[in-house]
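Please open the structure in your viewer and keep the sequence at hand. The tour below proceeds by selection: each stop names what to select and then describes what is found there.

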Amino acid sequence: DVDAIIECGADGMVLEFGINPYLVKYAYKMTVEHLIEEIIRLSNYAKNETGMYIEFMGWDAFRIPSLEYIKRFFGEILERGSIDRITLADTFGMSHPLTMQHVYKKLREWFPGVPLGLHIHNDFGLATANALMAVACGADEIHCSFNSLGERAGNVATEEVAVALEHLLKVDTGIKLEGLARVSHMVAEVSKVRPGRNKPIVGDGIFEIESGIVI
């Protein structure tokens with residue numbers, strides 16, 4: 001994969017793998033030490049070949065029972081590898097916003113100055129809340145997708161994150177919010193997956209009002 005990326009002339013890549021020690025041992029039949037060495041080797045190789053920007057994303061990070069494990073894992077690859085950004089993946093969308101707050105405050109404390117990202121799914125309907133909490137605690141990148149496209153309940157929705165960051169946290173995303181609905185419709189047409197009428201931000205029915213103070 002890394003050779004293919006280099007051959008394509010890419011400016012950067014997301015180097016990613018599962019980091020949950022149980023996943024590493026039982027699904028991939030390797031040791032954590034071997035995985036760390038491979039990440040270091042591949043990141044140094046890619047950086048030396050092209051100077052590309054390298055983000056490492058660790059899957060299944062929120063089912064790891066030890067924060068010390070996360071600190072050691074990322075600390076080693078940052079110290080000896082060529083990693084420009086680290087990203088945690090909530091692969092099963094199971095973190096609570098207060099958990100997200102605690103984890104990202106720790107990451108910011110452990111690795112000051114290192115750009116932080118978040119990749120998150122929406123299995124419990126908490127993806128947008130968790131994304132905002134991560135940004136509030138130091139993350140500056142969210143992996144997201146229009147209309148929440150993605151496995152199972154989907155990834156966190158681009159349109160929800162963009163509007164919430166701009167209007168609730170006053171973060172300048174650089175995104176032209178007036179274009180979100182148009183892109184959402186284009187994505188729905190191409191993907192053949194249409195968001196529900198009550199989908200926040202881009203749902204067809206979000207301006208339908210029946211009663212209450214808005215009337």
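Begin by selecting strand S2, residues 53-59, in this predicted model. Five of the seven residues of S2 are buried, so the strand is largely enclosed by the rest of the structure.

Now add strand S1, residues 12-18, to the selection. S1 and S2 run parallel and are joined by seven bridges. To see one of these pairings, select Met 13, whose bridge partner in S2 is Ile 54.

Next, display strand S3 together with S2. These two strands also pair in the parallel sense, over four bridges. Here Phe 56 has Ile 86 in S3 as its bridge partner. Follow the chain from S2 through H4 to S3: this β-α-β crossover is right-handed.

**Helix H4 and its salt bridge**

Select Glu 76 and Arg 72, and show their side chains. They meet in a salt bridge, at 3.3 Å from N to O. Both residues lie in helix H4, residues 67-80, and they are four residues apart, about one turn of the helix. An α-helix has 3.6 residues a turn, so residues three or four places apart point the same way. Glu 76 is partly exposed, with a relative accessible area of 25%, and Arg 72 is partly exposed as well, at 35%.

**Two further salt bridges**

The whole structure holds 13 salt bridges. Select Asp 60 and Arg 63, which form one of them, with their closest N and O atoms 2.9 Å apart. Is Asp 60 buried or exposed? Asp 60 is buried, with a relative accessible area of 3%, whereas Arg 63 is partly exposed, at 42%.

Then select Glu 141 and Arg 85, another salt-bridged pair, whose closest N and O atoms are 3.6 Å apart. Glu 141 lies in strand S5 (residues 141-143) and Arg 85 in strand S3 (residues 85-90), so the pair ties together parts that are 56 residues apart in sequence. Arg 85 is buried, with a relative accessible area of 8%. Salt bridges that share partners also join Glu 37, Arg 72, Glu 76 and Arg 80 into one network, which may be selected as a group.

**Asn 44 in helix H3**

Select Asn 44, which lies in helix H3, residues 32-50. Asn 44 is partly exposed, with a relative accessible area of 22%. Which residues does Asn 44 touch, not counting those up to four places away in sequence? They are Arg 80, Gly 81 and Ser 82. Ile 54 is 10 residues from Asn 44 along the chain, and the C-alpha atoms of the two are separated by 9.6 Å.

**Strand S4 and its neighbours**

Move to strand S4, residues 116-120. How many of its five residues are buried? Five of the five are buried, and the strand is mostly covered. In a regular strand the side chains alternate between the two faces of the sheet. In S4, Leu 116, Leu 118 and Ile 120 point one way, while Gly 117 and His 119 point the other way.

Show S3 beside S4: the two run parallel and are joined by five bridges. The bridge partner of Thr 87 in S4 is Gly 117. Between these strands the chain passes through helix H5, residues 97-110, in a right-handed β-α-β crossover.

Now show S5 with S4, which pair in the parallel sense over three bridges. One pairing to select is His 119 with its bridge partner in S5, His 143.

**Helix H6**

Select helix H6, residues 127-136, which makes a right-handed β-α-β unit with S4 and S5. Why is H6 described as largely enclosed by the rest of the structure? Eight of its 10 residues are buried, so the helix is largely enclosed. Among the buried residues are Ala 127, Asn 130, Leu 132 and Val 135. Show H5, S4, S5 and helix H7 (158-167) as well, since what covers the buried residues of H6 includes them. After H6 comes Gly 138, whose phi is positive, near 125 degrees.

**A nonpolar surface patch**

For the last stop, select Ile 209, Ile 213, Val 214 and Ile 215 and display the surface. These residues make a nonpolar surface patch of about 500 Å². Ile 209 is found in the segment after helix H8 (180-191), and is partly exposed, with a relative accessible area of 45%.

Methods: Residues are numbered from 1 along each chain as its sequence is written. This is a predicted model: local features need pLDDT of at least 70, side-chain atom pairs count only at pLDDT 80 or more; totals for chains, interfaces and linings use all residues. Side-chain values use heavy atoms; hydrogens and water are left out. A salt bridge is a side-chain nitrogen of Lys or Arg within 4 Å of a carboxyl oxygen of Asp or Glu. Buried means under 20% relative accessible area, exposed over 50%, partly exposed in between (1.4 Å probe, protein chains only). Patches are made of residues with over 30% relative accessible area and no salt bridge: like charges are joined within 9 Å, nonpolar side chains (Val, Leu, Ile, Met, Phe, Trp, Tyr) within 5 Å. Accessible areas come from the Shrake-Rupley method with a 1.4 Å probe; for residues, only the protein chains shown count as cover. Two strands pair if DSSP finds at least two bridges between them. A crossover is right-handed if, with the strands pointing away from the viewer, the path from the first strand over the helix to the second runs clockwise. Contact means heavy atoms within 4.5 Å.
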